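Here are some exercises to work through with the sequence and the model side by side. Try each task before reading its solution.

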Amino acid sequence: MTDLRPLAELTHTLVGEFDLLEFFQRLVAHAHESVGVAAAGLLLAGNGGTLTHVAASDEQARLLEVYQLQADEGPCLDCWRTGEPVRAPDLSLAADRWPRFAEEAARRGFAAAHALPVRLGGQLIGGLNLFSAKPDELAEDRFTLAQALADVAAIGLLQQRALRRRELIDEQLRSTINARLAVEQAKGVLAAAREIGVEDAAVLLRGYAARHDLQLGDLAARIVRRDPSLGDLAAQSSDVD
Amino acid sequence: MDRDRAMRVWTSVALCAKRRGEPLTPAHACLACVDALAVSGAALVLASDYGTTEPVYLTGAGAKALAELQTTLGEGPGIDAIASGTPVMAGDLGSVAAAGRWPVFAPEAARRGTKSIYSVPLALGALRIGALDLYRDDPGEPDREELMDAVVYADTALLLVLDDLGGIPTPSEAPEHAGRPVLWQAEVHQAAGIVSVQLGVPVLDALVRLRAHAFGTGDPLSEVARAVVERRLRLENGSNGFHRRREERS
């Protein structure tokens, strides 16, 4: 019987002014652990049709998702085009279906991939993608859990929308993607200011946001605008509180 | 699939420039938008350093007057759109609600015959570059299709503004932007953050310089960005352009 307590913990965070980006980050981390796959990633469509990477449980998954978008090929893309789940339990057999993706996945250490559609109010808005290190059939109970998590992604968006003034789904997705891009901009600023790598900068950013109860997107925007009150965060080799 | 929408919008903008025998500029995004959305005027305003807006491209005397009014007053839907990074609808400028929000701008705009405005931001991550203000002579708000089109016109205007700022001539063939926008790739934004610190410039400037560098070398922006992020490439200030100090190819 799958332990649903971590899932409950995740949905309990959907109160007050919660941080949607951080929520998606935790969702994919949770998918990775609870479904028992090597990694998970989330893609959302901004402005009605452009899929953008929003969160991943590790760097390899992020790179593979971004690769799919750039190559315009892979299970996530097929899921997006059809609106149906896509199963690829053994990527070594998928070279005909997705030649470039299969090769890239193998290079990144993944042997299976599954893509679940994310729908909001009947509208297809993205996909939750699961990657396994070995061939993986993804039995029914795990598959069901994965689809439930894809639905939870949509619930996060619904909840955010309920807390704000009326917004179209499209505007909300666009804001989410802009928040994500702001985080990338801030990662660059921190990485150069502190002479560290961008992924270390990401860890720094998330830790600071968590400790100070700030939303990732807001913190990122302040860093990009060189908010002087964040001087300690951007200073090189200072101890960050 | 909204590649169709992006392609349709791009084509209308490129055609607009072609009919006028002019090289592509953000003005054409405004003109094509006015045609497509049947609004009475459009103003493309850029965020100024003073918390107000600078009108840059205008589709006529009416739009010009309203854009200048917003600049002078430091209040208006365009300013709010820039600040929030989300579209702002002013469905009835003669209403009490509008007067509450823009006490001087709203009644004055209504007096001049503009009954509604919707303003779409030109934003990229945390960068608040400007807004596309669309004016109508009737009250009302755009429907979903109109708003989505307006957003794509604003995206197109943004691309053209970035090209303008970087001194890059925009080709009239549909850019990669009409498909998967390289401007939405994580590495491009990471690189902009890095360059902003290395050169001591705002992140928007850094983004413009990255694009100018890519244009100058003929390398795709995504590759230039990756090289910056991997510290194989460092942009330097140059007198009339940007020179690579050192580039290592692996």
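**Exercise 1. Find the element that holds Glu22(A), and decide whether this residue is buried or exposed.**

Solution. Start with the secondary structure: Glu22(A) sits in helix 2 of chain A, which covers residues 20–34. Keep in mind that the model is a predicted one. Next, take the relative accessible area of Glu22(A), which is 17%. The cut-off for buried is under 20%, so Glu22(A) is buried. Finally, look for its neighbours: leaving aside residues up to four places away in sequence, Glu22(A) touches Arg206(A) and Leu216(A).

**Exercise 2. Describe how domain 1 and domain 2 of chain B are placed, and what area is buried between them.**

Solution. First, set the bounds: the domain assignment gives 25–175 for domain 1 of chain B and 181–246 for domain 2. Taken over C-alpha atoms, the centres of these two domains of chain B are 29 Å apart. Now turn to the contact itself, where eleven residues of domain 1 of chain B meet ten residues of domain 2 of chain B. About 1,000 Å² is buried between the two domains of chain B, and carbon and sulfur atoms give 82% of that area. On the side of domain 1 of chain B, Leu124(B), Leu127(B) and Leu162(B) supply 47% of the area buried against domain 2, more than any other three residues.

**Exercise 3. Identify the salt bridge between the two domains of chain B, then say which elements build the side of domain 1 that touches domain 2.**

Solution. Begin with the count, which is one salt bridge between domain 1 and domain 2 of chain B. Asp163(B) and Arg211(B) form a salt bridge through their side chains, at 2.7 Å from N to O. Compare their numbers with the domain bounds: 25–175 is domain 1 of chain B and 181–246 is domain 2 of chain B. Then move to the elements: strand 5 (127–136) and helix 7 (144–165) of chain B each supply at least two residues of the side of domain 1 that touches domain 2. Helix 7 of chain B gives the largest share of that side, five residues. As a last step, sort the residues on this side of domain 1 of chain B by type: eight are nonpolar, one is polar and two are charged.

**Exercise 4. Explain why the pair Asp149(B) and Arg5(B) ties together parts that are 144 residues apart in sequence.**

Solution. Over all chains, the count comes to 28 salt bridges. One of them joins Asp149(B) to Arg5(B), with the closest N and O atoms 2.7 Å apart. Now place each partner: Asp149(B) belongs to helix 7 of chain B and Arg5(B) to helix 1 (residues 3–20) of chain B, so the pair links parts 144 residues apart in sequence. Both Asp149(B) and Arg5(B) are buried.

**Exercise 5. Assign the partners in the pairs Arg232(B)–Glu230(B) and Arg234(B)–Glu236(B) to buried or partly exposed.**

Solution. In the first pair, the side chains of Arg232(B) and Glu230(B) form a salt bridge at 3.0 Å, N to O. Arg232(B) has a relative accessibility of 17% and so counts as buried, whereas Glu230(B), at 45%, counts as partly exposed. In the second pair, the closest N and O atoms of Arg234(B) and Glu236(B) are 3.6 Å apart in a salt bridge. Arg234(B) is partly exposed at 29%, and Glu236(B) counts as partly exposed at 24%. To finish, look at chain A, where salt bridges with shared partners join Glu103(A), Glu104(A), Arg107(A) and Arg108(A) into one network.

Key: Residues numbered from 1 in each chain as written. Chains lettered and ligands numbered in written order. Predicted model: local features only at pLDDT ≥ 70, side-chain atom pairs only at ≥ 80, totals over all residues. Heavy atoms only, no water. Domains from an automatic or database assignment. Contact = heavy atoms within 4.5 Å. Buried area = accessible area lost by both parts, 1.4 Å probe. Salt bridge = Lys/Arg side-chain N within 4 Å of Asp/Glu carboxyl O. Helix = DSSP H or I, 4+ residues; strand = E, 2+ residues; numbered from the N terminus. Nonpolar A, V, L, I, M, F, W, Y, C, P; charged D, E, K, R; others polar. Buried < 20%, exposed > 50% of the residue type's maximum accessible area, 1.4 Å probe, protein only.
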